[in-house]
Amino acid sequence: MNEHDSEKIAWILENMGYLPVDSDEEADIILFNTCAIRQSAEDKVYGKVGSLKPMKNANPNKIIAIGGCMMNMDESRDKILKSHGHVDIIFGTQNLFKLPELIRGLSSNNKRIVDVKAEYSVENDKINAIYSSPYKALVNIMYGCNNFCTYCVVPYTRGREISRDPKQIISEIEKLVDKGTKEVMLLGQNVNSYGKSLCNNYNFVSLLKEINNIKGLKRIRFMTSHPKDISDELIESWPQLDKLCHSLHLPLQSGSNKVLKEMNRHYTQEKYINIVNKIKATVPDIALTTDLIVGFPGESEEDFEKTIETIKKVEYDSSYTFLYSPRSNTPAAERDDQIPHRVKQERFEKLLVELYPIALKKNTNEIGKIREVLVEGIDKIGENLVGRTLHGKLVNFPGDKDIIGSYVNVKIVGANTFALEGRLME
Ligand code: 5AD
Ligand code: SF4
């Protein structure tokens, strides 16, 4: 979500005549799009913004702006306002469209501007984006979140859930496909509740069916899917939606029913496993990925063992694992049974010991198979081509860079915990 907002911010700035440069020194404007999901993300911002002070003092015309989720949190915004006097513009997640006005406003009266509207404006839908890939695009289908998981800031920083008009979404994807996009990632905090704010029977499956019919589009992915709202209709429709990728990101967070209840997740371990079994029965080669939090307040060793037990039953292809990070004004942060950092760290390490061998086993199962891959580019050391399979797995393989942007068949010849190695088929 944040990544796509940054692509939109880049478009706004280029439209105003700004061009990207390689260093802070050369920049006329330095803009931070911040994340507030965990304290570690916030700390990076304070450090980086603070380090720009001497540069701003030496060149007062350089504009420093901060936007994103952190600026929609009172405490973090106040911290920037109090200790970082060199920041010129503070904007929120819901009013990106106002950025040109804020930048121009600053040039005319040279006073710090703070504009952090809390609810989404449809004006934002008119913003285009500079996509980081010509072949794949992120597409918002909804904004905000109504779930109020007790550990999470998102409902406070991104406001109430609102679904975009399906006509707008389809037209955006058609335009992208005309320009060469082959794969879309549909974005929402909870895509399974798409359509609820539209007041008719149009739901996420209705949208997927329409997108599946777009000529020239090859693959559809989506994230994130909340287990409490995933429908049998979605699972049963999967085999007919031939462009829908065989991967599902289904955040578990915890395997303990007590913790899940206290997190306000509205499902149990049994219900979660039941969904997983249904999806595995309908799409047998589905690749499952998840988010896990360790050290939620009051999490006992038995609770943690339930997470391990669930991991073993589900067998995730890959996972994002987090140490619980208290977020101001969320119910979980107020609790007095916080878990010591040392215990969180121990559980985190134990979790990886369980997750990695499963991920390796899943990837090793791919060896010998021929997989269609969208060639996305070259790896960091400039040696191999990189791409992803229908299952979202990363594949590295030797080949000519002329084939970047096309779908090719690759034979999987090697695997590690995080990626596959392949050979291009003739
Ligand atoms: N602490 C740790 N992890 C968190 N997440 C959200 N809030 C927190 C928090 N306070 C994780 C959840 C979510 C992912 C995007 O970030 O696992 O699914
Ligand atoms: Fe946060 Fe829960 Fe909403 Fe996900 S569903 S964004 S974890 S409140």
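**Two ligand shells, a domain pair and two backbone details**

Let me start in a loop: Thr224 sits between strand E9 (219-223) and helix H9 (232-237). The model is a predicted one. At Thr224 there is a backbone detail to look at, since the peptide bond that joins Met223 to Thr224 is cis, with omega at about 5 degrees. For context, most peptide bonds are trans, and most residues other than glycine have a negative phi.

That brings me to the second backbone detail. Phe148 is not a glycine, yet its phi is positive, at about 50 degrees. Where is Phe148? Phe148 is in the loop that runs between strand E6 (142-143) and helix H6 (154-158).

Phe148 also belongs to the surroundings of ligand 2. The other residues there are Cys145, Asn147, Cys149, Tyr151, Cys152, Val154, Pro155, Gln189, His226 and Arg265. By class, this shell has 7 nonpolar residues, 3 polar ones and 1 charged one.

Now to ligand 1. Which residues are around ligand 1? They are Ile37, Arg38, Tyr151, Gln253, Asp291, Ile293, Phe322, Leu323, Tyr324, Ser325 and Arg327. Tyr151 is listed around ligand 1 and also around ligand 2. Two strands, E11 (287-294) and E12 (318-323), each give at least two residues to the shell of ligand 1. Sorted by class, that shell holds 6 nonpolar, 2 polar and 3 charged residues.

Three distances to ligand 1 are worth reading out. From Asp291, a polar side-chain atom is 2.6 Å from an oxygen atom of the ligand. From Arg38, a polar side-chain atom is 3.0 Å from an oxygen atom of the ligand. Ser325 uses its backbone instead: an N or O atom there is 2.8 Å from a nitrogen atom of ligand 1. On its own, ligand 1 has 400 Å² of accessible area, and the protein covers 86% of that.

Last, the domains. The assignment for the protein chain gives domain 1 (2-115), domain 2 (131-245), domain 3 (258-265 + 287-365) and domain 4 (370-424). Domain 3 is therefore written as two segments, 258-265 and 287-365, in that assignment. I will stay with domain 1 and domain 2. Their centres, taken over C-alpha atoms, are 29 Å apart. How many residues are in contact between domain 1 and domain 2? There are 13 from domain 1 and 14 from domain 2. Interface size is often given as the accessible area lost when the parts come together. For domain 1 and domain 2, about 1100 Å² is buried between them, and 50% of that is on carbon and sulfur atoms.

Note on methods:
Residues numbered from 1 in each chain as written. Chains lettered and ligands numbered in written order. Predicted model: local features only at pLDDT ≥ 70, side-chain atom pairs only at ≥ 80, totals over all residues. Heavy atoms only, no water. Near = heavy atom within 4 Å. Polar contact = N/O pair within 3.5 Å; in protein donor to acceptor, adjacent residues only side chain to side chain. Areas by Shrake-Rupley, 256 points an atom, 1.4 Å probe, with all protein chains shown as cover. Helix = DSSP H or I, 4+ residues; strand = E, 2+ residues; numbered from the N terminus. Nonpolar A, V, L, I, M, F, W, Y, C, P; charged D, E, K, R; others polar. Contact = heavy atoms within 4.5 Å. Buried area = accessible area lost by both parts, 1.4 Å probe.
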